[in-house]
Number of protein chains: 2
Amino acid sequence: MLKQKITLKHIAKELDVSISTVSKALKNSEEISRDTKEKIQAFAKLYNYKPNNIAISLKNKRTKNIGVVIPDIVHHFFTTVVRGIEKYANTKGYNVIVCLSDESFDKEVINMEMLANGSIDGFIMSLSSDTQLKNDYNHLKEVTEQGIPLVLFDRVTNQVNCDKIVIDDQLGAYTATKKLIDEGRRKIALITTDDYLSVSKARTDGYLKALSDNNIEVDNNIILRLPTMGMEEEVFKTFFEKSDIDAVLCVNEIFAIYGMRCVKENGLKIPEDVSFIGFTDGLLSKYANPSLTAIAQHGEKMGELAAEMLIQKVESEKEEETYQTKILEPTLIERDSTIN
Amino acid sequence: MLKQKITLKHIAKELDVSISTVSKALKNSEEISRDTKEKIQAFAKLYNYKPNNIAISLKNKRTKNIGVVIPDIVHHFFTTVVRGIEKYANTKGYNVIVCLSDESFDKEVINMEMLANGSIDGFIMSLSSDTQLKNDYNHLKEVTEQGIPLVLFDRVTNQVNCDKIVIDDQLGAYTATKKLIDEGRRKIALITTDDYLSVSKARTDGYLKALSDNNIEVDNNIILRLPTMGMEEEVFKTFFEKSDIDAVLCVNEIFAIYGMRCVKENGLKIPEDVSFIGFTDGLLSKYANPSLTAIAQHGEKMGELAAEMLIQKVESEKEEETYQTKILEPTLIERDSTIN
DNA sequence: CAAAAGAACGAAAACGGTTTCGTGTTAATA
DNA sequence: TATTAACACGAAACCGTTTTCGTTCTTTTG
């Protein structure tokens, strides 16, 4: 009892006209007489005719698909970006194909190659840590050389020419650090990851700049650098036991949560004794105890803008070689882990 | 300096052979002589020829795309499912098109219609709350009638014939409630949402069954039903102030976090005075203070299985009309919000 | 009343592949 | 030497559209 999808050919045969006539009639072409058009349109509606997307894609060389390649999806920030992309893309009639690189260079390459062979009109992506570590961007260069538009977000590189959109991580860290300094804090710890992640580096820079602008000496003993994976709770404990600090800036929520727990276990109060600020305003910040003052990255906005930039490039005829980098300003969301 | 994608036609013209010969040579067909094959393959490799996915899709009537329609993506459980789907799909050479219904019936319908016109080989989806409320599943029936395989997960309905995969929510709630009873709790509160969500209903049933099996009388005063959206903190406060309870089962993490906060503010200790268990073992459960004993739903496993079921149907020739429903067992993850 | 213009439709190419079914050439066989 | 089989390749149909360029028939115009 399968209702086979009906095609132009079926309609044409059934109504004894040519395929071209059917096609034109359904597009309300002036070429076709009112009578014929009505007849064809009625028939098409009756049998619920819908053109085949694949055939149209082949003809137009436009798929109306956007490829999104991200390192992970079980990740608050990336999901907000995807939501933003979806939101804008849908209003423009585009679908979103999501691929996960899983922080692996190889998977990133494979995914892009698959999609680049006609499946999508353009890419929106954030680099895997592995890629940033390898510092190899040939797969990105190849797609741009083929004329496929590419928008990089958050984890970007200046080694490839394309549109980019980032938040000003340095400014975010600067603002946060400044906020802590204004509270009267002087022994501000930083918990970050290895510097090969472009964002971590920028955040560290902002932290350092804020200290230097306020004549506070950098103390490398209260800067903790952790690998992205396999974060050991032990390392946290020893760090907080041996360090004399009155505030902590963390490059992500989880570091902040762990940090707050250690500090509380040491009998200190938040925010009276130690203030905390974390990057990435996600669920954890909101529901932490105390709730965490955070730097919001506006992922959804970022996704919307990325999609807008991409679709604009996809739909513009001219082969402009001008690329822009949009820089979004992060926002400090004050909660209970800092003194108001 | 655009490197245009090379096609069979280009290769054929360049090497002065026919398109068919090129096609066969690249597939290593026995029909073509060694010399010719080597020449063509070398040329193809040199110019990095890759067949156009769209053309192949049109010919084969197979897109190697899976459509995934979920209510939300900024949601831990759904993202773990998507990750599982991706993982399995990729090993089979499939790409994943993600569409968000945003809990809206209309968007769900629109998304499915778009994808059903040739863009995908099959659907994996979880119903929007709006759809479950409306109780209208014609859009699902239409795609199955067209012979497009469909796998429903988590939020399912028995009104449409297709493969399904759910966790045993009733069992999960039963296990959790039993655990609380075994701890010696007798005044066990339930915080849930409106029953039109299939999962909430099942969880409530499990809770009730556990009570009844253990001869504990149901007290409707300690059952709190909240709308999904716009959860008011006030409602929580009053509920916990007026209720005399010694344990709480929550159908999601956020309810649990809020609940724990209220309880602590009332000067009670967790788990000494009140135990907490929450559904959906996500970030919040893990990082809460105290960490939350939770019922894990194994989203990733669910995604993998869903993808496996779907792809098996997609690739099987025969039009079997036999559908299965897989039921996954949830697991209780014991943490610090219950007594060990 | 012949010629031009307009209306309504169809044939065919094109998008980029796959695949079936020839067909011409060479080598093996009787 | 005539016949046949094997080999290597090409023509063409096909997937489902869109679109250009005829073509036929009717109507208008000089």
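These legends describe close-up views of a predicted model with two protein chains and two DNA strands.

Residues are numbered from 1 along each chain as its sequence is written, and chains are lettered from A, with ligands numbered from 1, in the order in which they are written. Because the model is predicted, local features need pLDDT of at least 70, side-chain atom pairs count only at pLDDT 80 or more, and totals for chains, interfaces and linings use all residues.

**View 1. Chain A meets chain B.**
In this interface, 40 residues of chain A are in contact with 40 residues of chain B. Two residues are in contact if their C-beta atoms, placed from the backbone, lie within 7 Å. On the chain A side, the elements that give two or more residues are α4 (53-60), α5 (76-91), β2 (95-100), α12 (253-265) and α13 (283-287). Helices (H or I, at least four residues) and strands (E, at least two) are DSSP runs, numbered from the N terminus. By class, this side of chain A has 19 nonpolar, 14 polar and seven charged residues. Here Ala, Val, Leu, Ile, Met, Phe, Trp, Tyr, Cys and Pro count as nonpolar, Asp, Glu, Lys and Arg as charged, and the others, Gly among them, as polar. The copies meet through the same surface, because 100% of the interface residues of chain A are also interface residues in chain B.

**View 2. The rotation axis and Ile97.**
Two copies of a chain are related by a rotation about an axis and a shift along it. Chain A can be laid on chain B by a turn of 180° and a shift of 0.0 Å along the axis, with an RMSD of 0.1 Å. The two copies are therefore related as by a two-fold rotation axis. The superposition is by least squares on the C-alpha atoms of residues with pLDDT of at least 70 in both copies. Which residue of chain A comes closest to the rotation axis? That residue is Ile97(A), with its C-alpha at 2.1 Å. Ile97(A) also stands opposite Ile97(B) in β2(B). The two strands, β2(A) and β2(B) (residues 95-100), pair in the antiparallel sense over two bridges. Strands pair if DSSP finds at least two bridges between them.

**View 3. Protein around the DNA strands.**
Around DNA strand D there are 24 residues, and Ser20(A), Ser18(B), Ser20(B), Thr21(B) and Ser33(B) come nearest. Elements giving two or more residues to this surface are α1 (8-15), α2 (19-26) and α4 of chain A, together with α2 (19-26) and α4 (53-60) of chain B. A residue is near a strand if its C-beta atom, placed from the backbone, lies within 6 Å of it. The surface near DNA strand D has 10 nonpolar, nine polar and five charged residues.
DNA strand C is surrounded by 23 residues, the closest being Ser18(A), Ser20(A), Thr21(A), Ser33(A) and Ser20(B). For DNA strand C, α2 and α4 of chain A and α2 and α4 of chain B give two or more residues. The surface near DNA strand C divides into 10 nonpolar, nine polar and four charged residues.

**View 4. The open sheet of chain A.**
Six strands form this open sheet in the order β7-β6-β8-β9-β10-β12, with mixed pairing. Its edge strands are β7 (223-226) and β12 (331-333), and each pairs on one side only. The twist averages 15° from one strand to the next. β6(A) (residues 188-193) and β7(A) pair in the parallel sense over four bridges. In that pair, Ile191(A) stands opposite Leu224(A). Helix α10 (residues 198-213) of chain A lies across β6, β8 (247-250) and β9 (275-279), running at about 165° to β6(A). Axes are lines fitted to C-alpha atoms, for helices over the stretch in contact, and angles run from 0 to 180 degrees between N-to-C directions.

**View 5. Backbone exceptions.**
Most residues other than glycine have a negative phi, and most peptide bonds are trans. Asn28(A), in the loop between α2 and α3 (34-46) of chain A, has a positive phi near 60°. Asn28(A) counts as exposed because it has 9 C-beta neighbours inside 10 Å. A residue is buried if 20 or more other C-beta atoms, placed from the backbone, lie within 10 Å of its own, exposed if 12 or fewer, and partly exposed in between. A cis peptide bond joins Asn289(A) and Pro290(A), with omega about 0°. Pro290(A) sits in the loop between α13 and β10 (293-296) of chain A.
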